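This briefing introduces selected features of one protein model. Please keep the structure in view while reading the points that follow.

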Amino acid sequence: MAQRFFTFLLFLLSLSAAGQAYWQQEVNYKMAVTLNDEEHLLHASQEIEYVNNSPQTLTFLYFHLWPNAYQNRKTAFAKQQLLNQEPEFHFSRKYERGFIDSLDFKVNGQKVKWELDAKHPDIAKLTLNQPLAPGSRITITTPFKVQLPESFSRLGHVDQSYQITQWYPKPAVYDKNGWHPMPYLDQGEFYSEFGTFDVKITLPANYTVGATGVLQTASEVARMDSLAQVTKAISTFPPDDLEFPASARQTKTLHYKQDRIHDFAWFADKRFNVLKGQVTLPASKRTVTTWLLFTNTDAATWVNSLQDINDAVYYYSLWLGDYRYAHATAVDGALSAGAGMEYPMVTVTDPDAIIHEVGHNWFYGILASNEREFPWMDEGINTYYETRIKLRRIPYAGMMSNQVEDPSLRELLGLKEVPAAAVDAEGFLSGSSRGLDQAVSLPSQQFRYINYGFGVYLKTSYLFQYLEKYLGTDRFDRAMQAYYQKWKFRHPYPDDLQRELEASTGEKLDWFFKDLLPSRAIPDAKLVNVTKTIDQITVQVKQTGKLALPVEVAVLDAKGGILSSVWTKPGTFDQTVTLPTHAAADRVVLDPHYYFMEQDRRDNQYRFNATFPKAEPLHLKFLASVNRIDRKQLFWLPSGGFNTVDGLQLGAVFYNSLVTERKVNFLVMPMYGFKSGQVTGLADLYLKFRTEGAVRKIILGAHAQRFADYHTVVPSLTFHNRLNTAATPRQQLSLAWHYVKEKNLYTLHAPRIAYSMEVKNAIAGSRVEVDATQFRQEVETPLLLLSPNGDATWSSSKKTVVGPTRFRLSIDNWHHYRPDKQVRARAFIGFLGTDEQINGPVVLSMAGSPDYLKQTPFLNRADLNTQGPGAIRQTDRQDGGFRNPLSLYSREWLAALNLSVDLPVTPFTAYLDLGRIQELDKTFYGAGLELAILNKAFKLYLPVAGSNFEKSVPQSPKEFAKSIRYSLHVNMLHPFKLIDELQ
């Protein structure tokens, strides 16, 4: 009985071990394709050997038919383009789009049933006639035809320049987590099975081709070598010589083979210049051939880029493991999906992105993770290695820092003295500080467009630089080499990466993979206490927030050189470390290399010989800089303004941050009015509370303005919603109290609640605004007082008049009928909470605006007070929003409809405004032309008909000129507002 039990136990253990054993499917391709460059068609046939290495019997297979992503406006690709503010495909004409057809699937020579997915026409399901048992293989054949789209993403053409990618029927991956059928997306890449490719390409003989695989055609090998010699001898490439030569009548067939790859792409152009290089791999000493194929557009840069492709092949091989294939090719192509796109052995790219795209041969090509689900494993880690190569050449290399190359500009912005990591950190902390970031571990399709770049690429790269510094470069490299050796030509998941790094380093890395990568939290570390004795320096480090991460503690000399350093341990919020005492020790610094992604570094330094060891000097800095350890910074810009009361105003604006939001933010803009002789300006102060859940941040703020004729103070509390995806509406709820003191007129106390919601994509959008305001007006009444002896004196009596609550609702909708032309409609209704017949702040204006709360900069506010809204030229288009001048208002309710359409060809917009006032029981209208300039910050209105004219249309040039009006929307140019909108 015991023996039987022992045998049964061994059987269970063997089943368990078998269940945990790694396996992956194998897909081998034979394809032949012919390019018709007159009709931009591919005629092709395909034979696939599908090997079932899984422990399951399969009754069906999923296939990707990705050219169908371009067939209409309803595909996942088309919808994603709109969410990412890319309207070109939506407005494309039918003949500019693409598709795959003429499919006739057979398995082992027998027809099979297949059908397109109900939601995604670029996914098909093949039902097998006989189940495919574990260890078995089948042969799948089909002809197919691809109509190539114009260049909207990765597959397509620009005239006769071709990028042939994601072009053939391809089985979806089946792994331990099941099937992975996925529609084609522009943001979000691929997951494919490894196998062998045998591909023959037929096309006109004068095309030059860059492709996956090893070229087998001897005549074309000789031709490529000859072209490389010709290009090498050229000293000047005419940039305007971009005409396509006529296609040769003769055709040629190019034959490519390659094993252990999971995709095949090719690029063809008759204008390519060709450069050839070679790299000797660091470990095997094998020689790899490198190729550059480029047009004359940016030829000088391409010629200098041979070093980039060679460095990419060499250093990725050095730090990870030798390049597996015989050649690496970079192609200049008409790509619409970012700066470049990678495929095994070949990439289409801009010159600046060559290192990154060639590096994808490791992260995507050889380490074939599921990039749709885990884009950080591909794009993020690859960006880390790209940055590491660039840092070997220049000290400021990085995704953000690299954009500021001019030495004088770097000096102006204070970037010369800080590492590139400090600049890169600002890139993603800008969104994080506003609560607009997303965890880097999300699937690619869930990212908002801007977060895909700043999060997946930039932040992940930054975090892996941080991990490298924590582990030490040698230990990190050994761990990544072990990962590469274990998982090359396989499909690793995040747990596999963590497991290999832990096994190699002996470190438990949950804090990095399980806590940091999936988190939106911003860590913060500070020096609490530092003591120095003859023998040692003792440092207490405290961290706040949700994450307790390791941070480097360093002793520096007076020139900033590191004398010694030690890392704190992960998982502990308050800990003490010791370092040896040095005679040259000048200060202790947290995170001297700026790899700890905190937002406020001003408590990261302790200076031994300073009067105030923790206090940093204040530096006045023009425009902006990065968050510094060694200084507090106050930024400034010149400012100016004008109105008819104060005249020309000049001054400066001072603020504590531009790119990132701090917990405490302020802006002060003092100016001097040369006409009024008074100090004018405005100030903002607000406290930010970053939260989790549906609300991303809460702002407790105060805004103040002062001009010669009025001043205001507005305390407020504002709630901002979290933007989880590109489709999430942007919402804001604000509670405010407006105090307005208008000189010699009145004082207002106006509590106000306002809510707004906006949702938009590349072609349409909607904005809803609703608010309720109650006006309390202090009025001063003069009194004549008589004394007992008959003397008369004047006095005054102050009285607060409580007006009715004003309710307003506006709904704006817009729709593009061309990429740069819109049709817009705005509906408005406003009404009063009671029927009290009082004038003043409860008036609803159809044209112009009393601007009771002083929210709009008016050049001539005096006219507003003396002649009413119909007499002024400027309008803020509040309430009824009429663009024609009409001095009308309602004490009950008012409704309006504002219609606009951008005219083709011209920069003008035609408008029609309709409005109805309850008391008058009459509908009014206005029509004309609108011209917008300066990012729509200035709009000019030219009325041509309307109720404002005595005879509906102007009877003279003078009457027309008198009705011309304009509006100013300075927030459209406000840098702080622009940064927030970009997010």
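A salt bridge is a side-chain nitrogen of Lys or Arg within 4 Å of a carboxyl oxygen of Asp or Glu. The side chains of Glu468 and Lys469 satisfy this description, meeting at 3.3 Å from N to O. The model discussed here is a predicted one, and it holds 43 salt bridges.

**Salt bridges**

- Glu468 counts as buried because its relative accessible area is 6%, and buried means under 20%.
- Its partner Lys469 is partly exposed, with a relative accessibility of 29%.
- Asp104 and Lys111 also form a salt bridge through their side chains, with an N to O distance of 2.6 Å.
- Within this pair, Asp104 is partly exposed at 25% relative accessible area, whereas Lys111 is exposed at 54%.
- A further salt bridge joins the side chains of Arg324 and Asp259, at 3.4 Å from N to O.
- This pair connects distant parts of the chain, 65 residues apart: Arg324 belongs to the loop between helix H5 (306-319) and strand S22 (327-331), and Asp259 to strand S18 (residues 251-261).
- Arg324 is partly exposed, at 27% relative accessibility, and Asp259 is likewise partly exposed, at 32%.
- A network of salt bridges links Arg752, Asp771, Arg806, Arg808 and Asp879.

**Strand S39 and Leu735**

- Leu735 lies in strand S39 (residues 730-742) and is partly exposed, with a relative accessible area of 35%.
- Leaving aside neighbours within four places in sequence, Leu735 contacts Pro715, Ser716, Leu717, Arg752 and Ile753; among them, Arg752 is also a member of the salt-bridge network.
- Leu735 and Ala754 are separated by 19 residues in sequence, and their C-alpha atoms are 6.6 Å apart in space.

**Helix H2**

- Helix H2 (residues 76-83) is mostly covered, with six of its eight residues buried.
- The buried residues of H2 are Ala76, Phe77, Ala78, Gln80, Gln81 and Leu82.
- After H2 comes Gln85, which has a positive phi near 60 degrees.

**A negative surface patch**

- Asp298, Asp350, Asp352 and Glu405 form a negative surface patch.
- Glu405 is located in the loop between helix H7 (375-391) and helix H8 (407-412).
- Glu405 is partly exposed, with 49% relative accessible area.

Conventions
Residues are numbered from 1 along each chain as its sequence is written. This is a predicted model: local features need pLDDT of at least 70, side-chain atom pairs count only at pLDDT 80 or more; totals for chains, interfaces and linings use all residues. Side-chain values use heavy atoms; hydrogens and water are left out. Patches are made of residues with over 30% relative accessible area and no salt bridge: like charges are joined within 9 Å, nonpolar side chains (Val, Leu, Ile, Met, Phe, Trp, Tyr) within 5 Å. Accessible areas come from the Shrake-Rupley method with a 1.4 Å probe; for residues, only the protein chains shown count as cover. Lys and Arg count as positive and Asp and Glu as negative; His and the chain ends are not counted. The place of a charge is taken as NZ of Lys, CZ of Arg, CG of Asp or CD of Glu. Helices (H or I, at least four residues) and strands (E, at least two) are DSSP runs, numbered from the N terminus. Buried means under 20% relative accessible area, exposed over 50%, partly exposed in between (1.4 Å probe, protein chains only). Contact means heavy atoms within 4.5 Å.
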